[in-house]
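The following exercises concern pockets, cavities, strand pairing and metal coordination. Each task is followed by a solution in steps.

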Amino acid sequence: MSDFAQTVKQQADIVKVIEGYIRLRKSGAQNYSGLCPFHKEKSPSFSVHAVRQFYHCFGCQASGDVFSFVGKIENVSFPEAVRIVAQKMGIPLPKREFSSPEEAAEARQRTKLQELHETATAWFEEQLRGPEGAVAREYLAGRGLTPEGIAKFRIGYAPDSFNALRDRLKGMADDQTLRASGLFSSKEQGDGTQGNLYDRFRKRVMFPIANESGRVIAFTARTLETGEKAGAKYINSPETPLYSKGQVLFNLDKARTAIRQFEFALLVEGQMDCISVFLRGIQNVIATSGTAFTEQQVAMLRRHTSNVVVNFDPDAAGSNAAEKSIALLTEEGFTIKIVTLDGGLDPDRFIRERGVEAYTAAIRDSRRQSDFLIERARQMFPGASADQKVKAMNYLLPHIRRMPEKLARDQFAVDAAQKLGIDSAVLREELRQAALRRRDHVETRATALTEVERVLLRALAISDPENEDARRLAAQALADQPAWFEHLGTYTALQALATRQARDPMEVVDDQAQRALLAEALLAEVKPPEASEVRGAIQEIQERSIEHRQRQLRSFIAEAERRGDFAELALLTQQKLDLDRTLRQLHGHRPPKA
Ligand SMILES: [Zn+2]
C-alpha cells in the first residue's frame, strides 16, 4: 500500500463511508450491522468494526477494509477506490499512480467522458435558456415544470443541428473519445469504416441521467418534432464505458436520503413522473425508465430499503416490464405495496390535477401486493364457477411460490382461499402446497470459539502501542510453545496473526472460515484484552494441552501394560507424574478470576 493510501486509510471513517452506501445500525460497543450489499439476505449478517476499521459478512464471507469495500461496491480498481475514499474524506489527491498502462488509459478515458458529459449538460441547459429553446421551454411549462425544477434536474435542450454539440466538444477530446461518449452518431462508409461524427440528439428536450454520486453519465431525450420527422418519442444514450442502462436507477442520487428516512422507495415508471412527483415534495421517488428491473438495480435499491411502493401506469401495470420488476423484487424478499390512482391517471397527471395531498393519500392507501393480486384475479376471472376459481388460482400460485418467506406465503394462501371463496379441499390443499414449496433459508452461525481463543485472537490483533504488552505475551507464547495451541480450531489464524508485523489483522488471515472466527471475536470486543487476561488464557491453554497429553499417556501406559513392556511403562509413568505435578503447580498459581 502506498503512503498516500495508508494516510487515507488512517483518516477515513469506514462506518461513515459504508453508511453512504447501505443502512447501518449500531449493534455493539464498537460495531455496526446491516444487510450485506454483496449477497441476498433478509436479516443482517454484515458487520462493520468502527475502531478496527474492517467489515465482515458472516453470510458470504466478504471481508476487508474501506478500500476493499469501495472497490467491490463501485466495481473499481484499488487505486480508484483510494481516490474515491480520499475524495469523500476531503483529502487532496497526489499525482495518480496506476498499476498498469491499460488501467491508466481506462481511468483517463472515464474522467474525460465525465468531463464531456458535464460540459454537454451545461451546454444543453444554456441552449434551453437561449432563443432556440423557446419551444422546449413551452413544452416543459406545459408539463408544469418551473425554472427551479428545470434547474434542479438540469434539464436542457439539444438544438436542431448536426454539429453544434460536436463543435462545442471537439476541442476537449480526440475523435475516439468523442465516439465513445455516446453523444454522437456516425454512418458506416462503403469501405466499412465509420464516417464523420454528428450530434445524436437533435431538437430534443434533454434529461440528464446521473449515477448514484450525482454525476451525469447519459441522457434521455424527448423529441419536440411531430409527424413523420419525429422518430422515437424518447431516445437514450447507448451503453458506454460510463453508462450501462441496467446499472442505473433514475433519481437514486437525489432520492436516497429520503428513501432511508421514510424507509421505503416510491417506484414509478417514467422519468417525467419521477421528476414531477419529486418536485412536489415527495423525494423518495425513483424511476425504472420503462424496462424491467435488473438484479444490479435490485441490489442498488436494497442498500437503502427493502420496502417498495409501486405506482405504475395502470395501463402498464399488467405489462411485461412492470410484472417482471415486481416478480424480481418479490423473489428478492422486498415488501411491495401497490398504488392505484383514481381515474386511471399516471402519477404526473394525477399530482398536477389533484394535488400533492391527494397523491400522498393514495400512497398511504396503497395495498399489499397479495391483496392487489387477489383483486386482479377476481376481476380477470369473475363468477363463482369452479372453472373460474381454478383459473384465478392458477394465476395466483406462481406469485405465492415466489415469496421467499413462508409466513408471507401462508398468509397469501389463506387470504386467497378466503377472498376467492375457495371451499374445495383439493384447491385448498394446492394452495397449502404452494406455500410449503420454498424452503426458508435459515442462517446458522457456528460459534466454535472458546473464550480463551477469543482473548488470544483479540490480543494478537492489537495494533496500538498502548496495549503492546498483551500482544507480545500472546505472540511469544505461540512462538515458544506452538504445541500448546495446536489443537485449537483457530490455530491457523493465531499463527498468522502472531507473525503479522504491521499489517491489518483481518488481512493476514487468508482462510475464509478462520477469518470469520477472527471477525466474530473482534466484533464482540468492547476493549482490547489486558496483559493479565492474556496470561490467564495462555495458562488455561497450557493446562488443557497438559490434560490432553495426560489422556494420551494414560492410553500409552495401558498399552505398555498389556504388552508387558516395563521399561516403557516406567518411562511413561514418570512423564505422567511430572505432568501431574506441573498441572498442580499451575492450578496453585491460577490468577483469581475477575
Ligand atoms: Zn454478504
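On a 1 Å grid over the protein atoms alone, a cavity is a set of points where a 1.4 Å probe fits but cannot get out, whereas a pocket is an open set with protein on both sides within 12 Å along at least five of seven lines; lining residues have an atom within 4 Å of a point. The model is predicted: local features need pLDDT of at least 70 and side-chain atom pairs count only at pLDDT 80 or more, while totals for chains, interfaces and linings use all residues. Residues are numbered from 1 along each chain as its sequence is written, and side-chain values use heavy atoms, with hydrogens and water left out.

**Exercise 1. Describe the cavities and their linings.**

Step 1. Rolling a probe the size of a water molecule over the atoms shows where empty space is left. Grid points are joined across faces, edges and corners, and a volume is the space filled by probe spheres set on the points. The search of the whole structure yields three cavities of 30 Å³ or more.

Step 2. The largest cavity has a volume of about 80 Å³. Its lining residues include I209, Y243, K245, F250 and Q297. For the classes, Ala, Val, Leu, Ile, Met, Phe, Trp, Tyr, Cys and Pro count as nonpolar, Asp, Glu, Lys and Arg as charged, and the others, Gly among them, as polar. On this basis the lining of the largest cavity has six nonpolar, five polar and one charged residues.

Step 3. The second largest cavity has a volume of about 70 Å³, and its lining comprises four nonpolar, one polar and five charged residues. Helices (H or I, at least four residues) and strands (E, at least two) are DSSP runs, numbered from the N terminus. Helix 24 gives the most to the lining of this second largest cavity, with three residues.

**Exercise 2. Characterise the two largest pockets.**

Step 1. The largest pocket holds about 1,600 Å³ of space. Of its 46 lining residues, I73, E74, N75, V76 and R110 lie nearest its centre. Two or more lining residues come from each of helix 3 (66-74), helix 4 (78-89), helix 5 (101-129) and helix 12 (295-302). By class, the lining divides into 16 nonpolar, 13 polar and 17 charged residues.

Step 2. The second largest pocket has a volume of about 650 Å³. V51, R52, S463, D504 and P505 lie nearest its centre among 27 lining residues. Helix 1 gives the most to this lining, with three residues.

**Exercise 3. Establish the strand order of the open sheet and trace the pairing of strand 3.**

Step 1. Strands of a sheet pair through backbone hydrogen bonds, either parallel or antiparallel. Here two strands pair if DSSP finds at least two bridges between them. The open sheet has five strands in the order 1-2-3-4-5, with antiparallel pairing. Strand 1 (25-26) and strand 5 are the edge strands, each pairing on one side only.

Step 2. Strand 3 is joined antiparallel over four bridges to strand 2 (residues 31-34), and by four bridges to the antiparallel strand 4 (residues 54-57). V48 is the bridge partner of Y32 and stands opposite Y55 in strand 4.

Step 3. In a regular strand the side chains alternate between the two faces of the sheet. In strand 3 (residues 46-49), F46 and V48 point one way and S47 and H49 the other way, and all are buried (under 20% relative accessible area; exposed is over 50%, partly exposed in between, with a 1.4 Å probe and protein chains only).

**Exercise 4. Which protein donors bind the zinc ion, and what is the geometry of the site?**

Step 1. Donors are N, O and S atoms within 2.8 Å of the metal (3.2 Å for Na, K and Ca); water is not among the atoms, so sites may look incomplete. The protein donors are C36 (SG), H39 (ND1), C57 (SG) and C60 (SG), lying 2.1 to 2.3 Å from the zinc ion.

Step 2. Four donors count as tetrahedral if all angles lie between 85 and 135 degrees. The angles among the four donor atoms are 103 to 118 degrees, and the site is tetrahedral.

Step 3. The donor residues are spaced C-x2-H-x17-C-x2-C in sequence. C36, in the loop between strand 2 and strand 3, and C57, in strand 4, link distant parts of the chain, 21 residues apart. Both C36 and C57 are buried.

How values were computed
Four donors count as tetrahedral if all angles lie between 85 and 135 degrees; four count as square planar and six as octahedral if opposite donors are over 155 degrees apart and all others between 65 and 115; anything else is irregular.
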